[in-house]
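Work through these exercises with the coordinates open. Each task is followed by a stepwise solution.

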Amino acid sequence: MAAAKEKDDILIEKDGQIFFSPATSGSLRNFLRSHAGQKVQYVSGGSDVMVVVKKRFIHHPILVDLTRLPELPAFSDGPDALSFGGCVPLEDLGEMTRNTLPILDEVVSQMASKPVRTTATPAGNIANASPVADMSVTLMALSAVLHLNGADGKRTASFFLLNLLPLSL
């Protein structure tokens, strides 16, 4: 099998399971529309999802890897705002904010172990909706605004939790 180019989508279907790694947001939207009504599990770093799969033997019929979407590992630090994509590894996020937003670096440095922080992402930490999701509390305290891009398009939301597990965005 030839190696996929970075701009090609990756789709693997085997034994009733689907793995999809889109290269663009448009490809992701099309995939989600074509699988509307089906349960989709997203993976951004896998530090939570893969542990659950391995330890609890949870079956995800559709697994979507978000890490190849170009906007999700993005980071920018402007004069009035800090912006980062959901797939920036937490360890990188801490390093990138060390001088401009030290509280975020401090929180990230206390999360998990360094090997976990190198794969764990804000998107996974938030979407997991765990009561110990450090990013959720920190981003709420910082009055963060989420810019969400889903099957129905883009929207902006204030960061909030309705309850612990599950999260409502």
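**Exercise 1.** How are α3 and α4 oriented to each other: roughly parallel or roughly antiparallel?

*Solution.* First, the ground rules. This is a predicted model, where local features need pLDDT of at least 70, side-chain atom pairs count only at pLDDT 80 or more, and totals for chains, interfaces and linings use all residues. Residues are numbered from 1 along each chain as its sequence is written, and side-chain values use heavy atoms, with hydrogens and water left out.

Step 1: locate the helices. α3 covers residues 90–97 and α4 covers residues 102–109. Helices here are DSSP runs (H or I, at least four residues), strands likewise (E, at least two), numbered from the N terminus.

Step 2: take the geometry. The axes lie 7 Å apart, at an angle of about 150 degrees. Axes are lines fitted to C-alpha atoms, for helices over the stretch in contact, and angles run from 0 to 180 degrees between N-to-C directions.

Step 3: classify. α3 and α4 are therefore roughly antiparallel (angles over 145 degrees count as such, under 35 as roughly parallel, 65 to 115 as roughly perpendicular, the rest as oblique).

Step 4: list the contact (heavy atoms within 4.5 Å). α3 supplies Leu90, Glu91, Leu93, Gly94, Glu95 and Thr97; α4 supplies Pro102, Leu104, Asp105 and Val108.

**Exercise 2.** Classify the packing of α4 with α7 and name the contact residues.

*Solution.* Step 1: α7 spans residues 134–141. Its axis comes within 10 Å of the α4 axis, and the two cross at roughly 165 degrees.

Step 2: that makes α4 roughly antiparallel to α7.

Step 3: Leu104, Val107 and Val108 of α4 meet Asp134, Met135 and Thr138 of α7.

**Exercise 3.** Which residues of α1 are buried?

*Solution.* Step 1: apply the cut-offs. Buried means under 20% relative accessible area, exposed over 50%, partly exposed in between (1.4 Å probe, protein chains only).

Step 2: the buried residues of α1 are Ser25, Ser27, Leu28, Phe31 and Leu32.

Step 3: check the side. They cover an arc of only 155 degrees around the axis, so they sit on the same side of α1. The arc is that of the directions from the helix axis to the C-beta atoms.

Step 4: check the other side. Arg33 and Ser34 are exposed there.

Step 5: find the partners. The buried residues pack against β1 (10–14), β2 (17–21), β3, β4 (62–65) and β7 (145–150).

**Exercise 4.** Where is histidine 35 found?

*Solution.* Step 1: histidine 35 is in the loop between α1 (25–34) and β3 (41–43).

Step 2: its relative accessible area is 15%, so histidine 35 is buried.

Step 3: leaving aside neighbours within four places in sequence, histidine 35 contacts Ile18 and Ile62.
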